[in-house]
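The paragraphs below lead a new reader through a few parts of this structure, beginning with a single residue and moving on to a pair of helices and the nonpolar cores.

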Amino acid sequence: MNTRLPLLIPILLSLFIPPAFADKECSDIDALGLKEKQQRLTDMKQRFIETLKPWKHLDHIRKEATNPSQLDEAGDLALQSIPEIIQKNYPEVPKTIQEDISQQIEELDRVADCFHFGKRNKESLMKLRYRKVQDTDSPYIGFLLPKERDQPRKAEVTSSSSCRDKHCDFTTKNVDDLDKDVILLVHRPARLSTPVTHTKPIVDPNTTATERLPERDYLLELNLERVGEYFTKPEIYMHLTYYNGDQPIREDTIEIPWAKEKGVNKGKTELIIWMNADSVQLTLMENDWEIPFRLIGKILSKAVAIGIQLASASYPEIGHIKSALDTLNNRFSSEETEFYDALGRMNADDLLDTVRLQRTDVQSYVVMKTGVVKMTLMPVYTPKTGLKDEL
């Protein structure tokens with residue numbers, strides 16, 4: 001007789017937190033379903049691309065999106081930098097057009113924030129990413145569409161020849177069928193940190209430590225033995241569940257923007273922010289499904305909790321967390337419809353690996369549980385001013 005399922009039901013119910021009141025800047029989008037929110041974001045992306053007037057300025061867009069001095073660590077051009085670039089490099093552009101572009105960037109960022117976070121997040125950014133396919137002086141410009149299960153990845157693109165009179169005709173193409181370079185609108189999410197309701201008092205790990213404990217750990221290198229996405233470069237996310245003793249106290253979901261290919265990737269990302277935690281469960285995933293960032297965190301939160309139950313006395317392996325996705329699909333918790341819509345887009349193969357780290361014994365070189373993922377970490381022992389303000 002399987003006794004695990006009844007045990008899982010209270011775990012799922014205890015993890016349910018009613019949705020927060022909608023951010024007032026997102027009230028128009030919050031009332032929509034997931035598909036309608038996705039369509040709103042798609043419409044806004046089209047409108048922004050038309051604002052850039054590809055029929056007149058695609059060569060300038062291409063130039064700026066490939067200028068290394070203006071790109072971030074992921075090789076992308078933040079939209080927020082475009083007004084300054086125009087003022088500096090194209091002073092002949094009328095001020096009214098500059099203001100229109102700035103307004104469109106702000107509105108696109110707002111819609112993207114509302115889609116991904118349900119509220120404004122000023123650290124989250126929309127960006128332009130130049131993706132090489134076949135050299136050309138006239139690339140496509142567009143964005144990826146949400147991936148559908150068992151279907152090839154598609155992009156919605158236009159070109160200078162498909163735009164006229166402030167309107168562009170967009171075409172849906174399989175990414176495998178693109179015959180020239182493309183400039184993609186992409187989203188760079190900020191760290192999403194969520195407190196977890198706990199019942200037992202939190203013990204400061206420093207009171208029982210025999211040596212100095214790290215305050216945080218930076219990720220410097222990520223070695224990926226496999227990734228699924230090859231066209232857009234993989235979108236790699238880390239979910240962190242922090243523990244004090246045996247109870248979870250906080251969760252983070254972050255993107256690793258410089259992890260762009262199979263093999264060794266190098267960069268620098270503040271990964272672990274310990275605060276009152278004495279251990280952390282790290283779970284790495286690849287996301288090419290265009291799932292709202294807040295729902296990625298919520299789904300992984302529940303999957304890790306169920307995975308721990310499935311693992312019994314030991315820490316969960318990635319197989320336990322993958323199995324937990326199937327359990328969640330059985331709908332034992334009272335989640336909103338869009339939670340299950342997002343869950344239905346996820347694939348267990350997107351979960352790459354997991355590992356539990358103890359704050360008293362964090363090594364600089366970490367091999368995750370199955371060996372598919374290897375990490376190089378740099379511990380920092382000094383407190384950071386305003387650390388709680390970052391979360």
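In this predicted model, a good place to begin is L192, which lies in strand β9, the strand made of residues 192-195. Is L192 buried or exposed? Its relative accessibility is 14%, and because buried means under 20%, L192 counts as buried. Leaving aside residues up to four places away in sequence, L192 touches F117, E251, D252, T253, F293 and R294. One of these partners, D252, is 60 residues apart from L192 in sequence, yet the C-alpha atoms of L192 and D252 are 5.4 Å apart in space.

From the strand we can turn to two helices, α5 with residues 82-89 and α6 with residues 95-117, which pack at an angle of about 165° with their axes 9 Å apart. Since angles over 145 degrees count as roughly antiparallel, α5 is roughly antiparallel to α6, and the crossing of the two helices is right-handed. On the α5 side the contact is made by I82, P83, I86 and Q87, while α6 contributes Q98, I101, S102 and I105. The residues of this contact divide into 5 nonpolar and 3 polar, with no charged residue.

The last part of the picture is the nonpolar interior. The largest nonpolar core has 61 residues, of which F48, L79, I82, L108, L128, L185 and I299 touch the most other members. I299, when residues up to four places away in sequence are not counted, touches L325, L328, F339, A342, L343 and M346. There is also a second, separate core of 31 residues, including A259, L271, V366 and L377.

Notes: Residues numbered from 1 in each chain as written. Predicted model: local features only at pLDDT ≥ 70, side-chain atom pairs only at ≥ 80, totals over all residues. Heavy atoms only, no water. Axes fitted to C-alpha atoms, helices over the stretch in contact; angles between N-to-C directions. Helix = DSSP H or I, 4+ residues; strand = E, 2+ residues; numbered from the N terminus. Parallel < 35°, antiparallel > 145°, perpendicular 65-115°, else oblique. Left-handed = near helix turned anticlockwise from the far one by under 90°. Contact = heavy atoms within 4.5 Å. Nonpolar A, V, L, I, M, F, W, Y, C, P; charged D, E, K, R; others polar. Core = buried A, V, L, I, M, F, W, Y, C linked by side-chain atoms within 4.5 Å. Buried < 20%, exposed > 50% of the residue type's maximum accessible area, 1.4 Å probe, protein only.
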